[in-house]
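Biologist: I am new to this structure and would be grateful for a close look at a single part of it. Please treat the strands and their pairing in some detail, and then place that part in its surroundings.

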Amino acid sequence: MNDHDNLASRAAFARGLISRRTAMMSAAGVGAAALLAACGSSGKNPTAGSATSAKKTAAAAQDMSDTEKVINWSNWPSYIDVDDKTKARPSLDAFTKQTGIKVNYTEDYNDNDEFYAKVRPLLDAGSDTGRDVWCSTDWMVARLIRLGYVQKLDLANIPNHANLEDALTQVTFDPGRLYSLPWQSGFAGIAYNPKATGGKKVESVDQLLTDPALKGKVTLLTEMRDTVGLVLMAMGKKIESFTDADFDAAIAELQKAKEAGQIKGFTGNDYTKPLASGDTAACFAWTGDVVQLRADNPNLGYTLPTTGCTLWSDNFVIPALAKHKKNAEKLINYYYDPKVMAQVVDYVNYISPVKGTKAILQVSDPSVSSNELIFPSADTLSRAHVFRGLTAEEETKYNRKFQALVTG
């Protein structure tokens with residue numbers, strides 16, 4: 001589970017942009033237990049029958065795109081380009097001018113599970129959610145596909161999908177990208193404050209979990225897929241294809257570090273202030289947070305472990321029963337134009353999923369285009385992996401074990 005500062009313009013950074021991940025962690029008082037619930041709540045998944053019903057209803061739903069020039073798009077807060085003076089959204093305004101399609105853009109996606117709780121009863125009942133497109137994190141996309149709550153994309157309406165970065169084309173939760181296309185992406189790795197580490201770099205998960213110099217000054221993430229994923233890769237496992245035994249072994253490593261007093265706690269996005277002050281020496285952290293923190297403290301260190309880092313994306317999906325599917329596909333196609341995506345990335349500074357964006361920013365904003373955490377090299381991308389999709393049973397089982405670790 002979503003973040004970067006605009007290094008070319010400190011004035012733009014000073015706008016106080018709330019990161020997508022900050023919003024995710026702070027929404028509705030999300031803490032460890034709530035975030036774990038966001039990864040999958042037992043006993044609350046729709047039945048297979050209701051999923052089938054949703055699929056049938058979706059197939060029969062009439063697309064009103066030809067007569068109703070509108071799109072209802074739900075997205076995370078502070079996750080699109082904004083004119084800081086007028087508060088307009090330039091890329092959306094340009095889309096409307098170009099197509100005549102009005103976009104009702106709503107920032108009501110504050111947390112995956114919270115949003116799912118709003119739309120699931122409607123989809124389960126075979127009712128329209130009132131939305132044509134939204135952006136869900138990888139693992140939530142896996143659930144939505146599994147339950148039949150999202151529609152296949154008509155890629156004929158999205159020819160620019162060919163611009164998708166190669167590293168994001170094949171994911172286990174959506175083989176062939178038939179149901180989803182990334183909006184923005186990010187990494188999880190290791191951040192450290194040299195003042196608190198005695199000038200030492202923290203370059204591996206093993207060092208983070210065992211180095212006596214860091215004892216009691218380490219925090220990990222409450223996002224199970226990032227924390228367990230980083231440990232799995234450090235153990236030589238593949239997060240695209242790990243087993244129950246592999247997961248249990250990773251939990252055991254984390255439990256050992258916790259019992260040894262190495263870990264002072266598990267956090268959401270609230271690791272940032274202690275990291276900046278030095279109260280936390282090192283932690284698992286999301287790239288975008290560190291880019292933002294470096295605007296004020298350029299000495300903060302960040303490592304994407306050689307054993308591998310997690311790569312997450314928030315993805316466009318079109319829900320079952322959406323009334324304006326073709327219009328939504330035109331919107332996705334529009335944002336997969338490198339020029340348009342460059343405009344968005346230059347403002348939000350996430351990792352672009354669209355080829356050609358970097359070349360444009362090399363001219364318009366070189367400092368952003370040269371930032372490895374925004375435009376990672378091929379070598380970095382080769383070490384980035386997506387946590388595999390889970391079955392409903394696995395979600396419940398793994399979340400229970402991880403929550404026991406976090407709260408025990």
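Which residue of β6 does L221 stand opposite?

Modeller: The model is a predicted one, and the reply below should be read in that light. In β6, the residue opposite L221 is T267. This pair belongs to the contact between strand β5, residues 218-221, and β6, which run parallel and are joined by four bridges. Strand β6 itself covers residues 263-267, and four of its five residues are buried, so the strand is largely enclosed by the rest of the structure.

The description can be widened from there to strand β4, which spans residues 181-192. Twelve of its twelve residues fall under the limit of 20% relative accessible area that defines burial, so β4 too is largely enclosed by the rest of the structure. Several strands pair with β4. Over seven bridges, β4 is paired with strand β9, residues 309-317, in the antiparallel sense; within this pairing, A188 has T310 of β9 as its bridge partner. Strand β7, residues 282-286, is likewise antiparallel to β4, here with five bridges. In that pairing, I190 is found opposite F284 of β7. Strand β8, residues 301-303, also runs antiparallel to β4 and is joined to it by three bridges. I190 appears here again, with T303 as its bridge partner in β8. As a general matter, side chains in a regular strand alternate between the two faces of the sheet.

One residue of β7 deserves individual attention. C283 lies in this strand and has a relative accessibility of 0%, so it counts as buried. Setting aside residues up to four places away in sequence, C283 touches G189, I190 and A191, together with L208, T219, Y271 and L275. V205 is 78 residues from C283 along the chain, yet the C-alpha atoms of the two are separated by 9.6 Å.

A residue outside the strands offers a contrast in setting. H161 is located in the loop between α7 and β4. Its relative accessibility is 28%, which means that H161 counts as partly exposed. Beyond its neighbours within four places in sequence, H161 is in contact with L155, L181 and Y336. The C-alpha atoms of H161 and P182 are 10.0 Å apart, with their positions 21 residues apart along the chain.

On the other side of that loop in sequence is α7, and its packing against another helix may be described next. Two packed helices are described by the angle between their axes and the distance between the axes. For helix α6, residues 112-124, and helix α7, residues 138-146, the axes come within 11 Å and cross at roughly 25 degrees. That angle is under 35 degrees, so α6 is roughly parallel to α7. The crossing of α6 past α7 is right-handed. On the α6 side, N112, D113 and Y116 take part, and they meet W139, M140, R143 and L144 of α7.

A word on confidence completes the account. The protein has a mean pLDDT of 86, and 85% of its residues reach 70 or more. Over residues 1-18, however, pLDDT stays under 50, although the model has 66 contacts beyond four places in sequence for them. Residues 24-52 also stay under 50, and for these the model has 61 such contacts. Where pLDDT is low, the predicted coordinates should not be read in detail.

Terms used. Residues numbered from 1 in each chain as written. Predicted model: local features only at pLDDT ≥ 70, side-chain atom pairs only at ≥ 80, totals over all residues. Heavy atoms only, no water. Buried < 20%, exposed > 50% of the residue type's maximum accessible area, 1.4 Å probe, protein only. Helix = DSSP H or I, 4+ residues; strand = E, 2+ residues; numbered from the N terminus. Pairing = 2+ DSSP bridges. pLDDT = per-residue confidence, 0-100. Contact = heavy atoms within 4.5 Å. Axes fitted to C-alpha atoms, helices over the stretch in contact; angles between N-to-C directions. Parallel < 35°, antiparallel > 145°, perpendicular 65-115°, else oblique. Left-handed = near helix turned anticlockwise from the far one by under 90°.
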